[in-house]
Amino acid sequence: MDFFEISSKNIATLTRNERILFDYVVKNMNEIKNQSIREVAAECFVSTTTFLRFVRKLGFTGYSEFTTVLKFTLLGKVEEKPSPFVVEQKDYREEYLKNIIESVRVLEPSKLTQITRKLMYRPRIYIFAKGLSKHAAQYIRYLYTMSGFMVEFPEDYQYRQAVLPHIGKEDLVFILTYGGHDIELIQTAQKLRSRKQPPMLISITGADNNIIQNLSDINLYIFTDEIELDNLDITSRISTIAIMELILYQYMEDQHPKE
C-alpha cells in the first residue's frame with residue numbers, strides 16, 4: 001500500500017482546510033508516522049475528531065492504518081544523497097550570492113512604495129515567524145525598534161494568540177515563512193483577513209505558490225536553496241533579512257531625501 005495511491009483518489013473532495021492538513025502530512029510524514037493522533041492534531045491546531053475525519057476522508061479506515069501506510073510509503077522511498085547542499089559546496093558561494101541578488105532584484109518598486117508609505121504613518125508593527133525564521137525576526141525587531149517603531153514579535157503560541165485581538169486596522173503585519181505552509185500562520189492570516197477592517201498584511205515567502213502569499217495584501221519573494229541537516233531546516237534566511245533591511249532603508253531615504 002502507498003499513501004499517495006490511496007489519497008490521490010480522494011484529494012479532489014477535500015475542503016480548503018483539509019488541503020492544508022494534507023500539505024502538512026506530505027511535508028512531515030517521517031515525524032507523523034510515530035506520533036499519536038492527539039500529538040498530530042495538536043500540531044495542526046485541530047481536534048482529534050477533525051483529524052480523524054480527515055484521515056477517513058482520504059480513504060483510510062482509521063488512524064492506525066493511516067500511520068502504517070505512512071511507514072510502508074517511507075520504506076519504499078529512495079534514500080537521498082547525504083550532502084545537504086543542492087549544489088557542490090565549492091559552487092555554493094556563488095549560488096548563495098545569486099539568490100540574495102535575485103531576491104532584491106525582483107522586489108517590485110510599487111510594492112516597496114506601498115510599504116514605505118504605510119511606514120510614514122508610524123504604524124505598530126507585528127511580526128509573525130516560527131522555526132528558524134524566528135531568529136531572523138529577532139534581528140528585524142531590533143532593527144526596526146532602534147529606528148523608532150513600536151514592534152511586537154510574539155515568540156510562542158500563547159503570546160501569538162494573545163496579541164491577535166489587539167492588532168488594529170492601522171497596524172502593519174509581517175509574516176515571515178519560507179515555505180508558506182505552516183498551519184498556525186495560515187490560520188492567523190485567515191483571521192486577520194476575515195475582519196471587516198483588516199490590517200495591511202505582508203508576507204515574505206519562497207517563490208513557490210503557497211497559501212500564505214494568496215492571503216496577503218503584498219507578498220515578497222525570496223530565493224534560497226533549501227538545506228536540511230538531520231531533518232532540521234537550516235535554509236538561509238539572509239534574503240528575508242535583506243528585504244526587511246531594504247524596506248527600512250528606503251523608508252529612511254524617503255524621510256530624509258538628499259538635497
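A nonpolar core, as I will use the term today, is a set of buried Ala, Val, Leu, Ile, Met, Phe, Trp, Tyr and Cys residues that are joined through side-chain atoms within 4.5 Å. Please keep in mind, as we go through it, that the structure shown above is a predicted model.

In the largest nonpolar core there are 39 residues, and those that touch the most other members are Phe3, Val25, Phe51, Phe54, Phe66 and Phe128. There is also a second, separate core of 29 residues, and among its members are Phe174, Tyr178, Met200 and Ile222.

Let me stay for a moment with Phe51, whose contacts, leaving aside residues up to four places away in sequence, include Val40, Ala41 and Cys44, together with others such as Leu21, Val25 and Tyr63. Those first three residues bring us to helix α4, which spans residues 37–44 and whose buried residues are Val40, Ala41 and Cys44. They cover an arc of only 100° around the axis, so they sit on the same side of α4. And what covers these buried residues of α4? The cover includes α2 (16–27), α3 (29–32), α5 (48–58), α6 (63–75) and α11 (183–193). Just after α4 comes Phe45, which takes a positive phi of about 60°.

Finally, I would like to turn to Ile101, which belongs to helix α7, residues 89–105. Is Ile101 buried or exposed? Its relative accessible area is 57%, and because exposed means over 50%, Ile101 counts as exposed. Although Ile101 and Ile222 are 121 residues apart in sequence, their C-alpha atoms are 9.7 Å apart in space, and Ile222, as I mentioned, is one of the residues of the second core.

Definitions and conventions:
Residues are numbered from 1 along each chain as its sequence is written. This is a predicted model: local features need pLDDT of at least 70, side-chain atom pairs count only at pLDDT 80 or more; totals for chains, interfaces and linings use all residues. Side-chain values use heavy atoms; hydrogens and water are left out. Helices (H or I, at least four residues) and strands (E, at least two) are DSSP runs, numbered from the N terminus. Buried means under 20% relative accessible area, exposed over 50%, partly exposed in between (1.4 Å probe, protein chains only). The arc is that of the directions from the helix axis to the C-beta atoms. Contact means heavy atoms within 4.5 Å.
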